[in-house]
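The following report examines a protein model at the level of its surface, its interior and selected residues. The sequence and structure are shown first.

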Amino acid sequence: MRDSRKEILERYAKIIEDVFGIKAKISKVRGKECYELKVSCKYASDVMRYLVKNYRELFFASEDVIKSFLRGLFDAEGTVSNVVSLYLENEGLLNFVKLLLLRLGSSCARLRNQPCPSAFRNKLIYIFRILF
């Protein structure tokens, strides 16, 4: 995980240590104005890999689980200004987030995604905005 704010990564590192008992490492990314959080744990890697592959199973989870997932996703990959935005490389996950929000009753929100070039890793990212 990368972020320009070291204190954010320090908070995540503390959460990882509290939950998994694993020490995460934070280092400055060479040539970039950001820091990187690294976790070396097979169990945590397996859990994250499973969640990324099987995120669609969340649609059948309880509302509390869905809300927790969305809260974490927007906290890690979102911004709030006059609109709420989510930035993801995976368009399928972005569309799935729309379905989860609709399942939770957010049908009053207008949803759209737009591709844009990413300054990070030279990949295409998708911006998802909720306009109220």
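Which residues form a nonpolar patch on the surface? The patch consists of Ile15, Val19, Phe20 and Tyr43, which together have about 430 Å² of accessible area. Patches are made of residues with over 30% relative accessible area and no salt bridge, nonpolar side chains (Val, Leu, Ile, Met, Phe, Trp, Tyr) being joined within 5 Å and like charges within 9 Å. A salt bridge is a side-chain nitrogen of Lys or Arg within 4 Å of a carboxyl oxygen of Asp or Glu; accessible areas come from the Shrake-Rupley method with a 1.4 Å probe, and for residues only the protein chains shown count as cover. Helix 1 (residues 6-20) gives the most to this patch, with 3 residues.

The model is predicted: local features need pLDDT of at least 70 and side-chain atom pairs pLDDT 80 or more, whereas totals for chains, interfaces and linings use all residues. Residues are numbered from 1 along each chain as its sequence is written, and side-chain values use heavy atoms, without hydrogens and water.

The protein has 4 helices and 7 strands, taken as DSSP runs numbered from the N terminus (helices H or I, at least four residues; strands E, at least two). Along the sequence they follow the pattern β-α-β-β-α-α-β-β-α-β-β. Of the 132 residues, 33% are buried.

Three residues illustrate the exposure classes, in which buried means under 20% relative accessible area, exposed over 50%, and partly exposed in between.

| Residue | Element | Relative accessible area | Class |
|---|---|---|---|
| Phe20 | helix 1 | 38% | partly exposed |
| Glu36 | strand 3 (residues 35-38) | 18% | buried |
| Val80 | strand 4 (residues 78-80) | 68% | exposed |

The side chain of Glu36 makes a polar contact with that of Arg2 (3.3 Å); such a contact is a pair of N or O atoms within 3.5 Å, one able to donate a hydrogen and the other to accept it, and residues adjacent in sequence count only if both atoms are side-chain atoms. Val80 and Arg129 are 49 residues apart in sequence and 9.6 Å apart in space, C-alpha to C-alpha.

In the interior, the largest nonpolar core has 16 residues, and those with the most contacts inside it are Leu70, Phe74, Leu86, Leu88, Leu93, Phe96 and Val97. A core is a set of buried Ala, Val, Leu, Ile, Met, Phe, Trp, Tyr and Cys residues joined through side-chain atoms within 4.5 Å. Helix 4 supplies the largest share of this core, 6 residues. Another core, of 9 residues, lies apart from it and includes Tyr12, Ile16, Ile22 and Ala24.

Methods
Buried means under 20% relative accessible area, exposed over 50%, partly exposed in between (1.4 Å probe, protein chains only).
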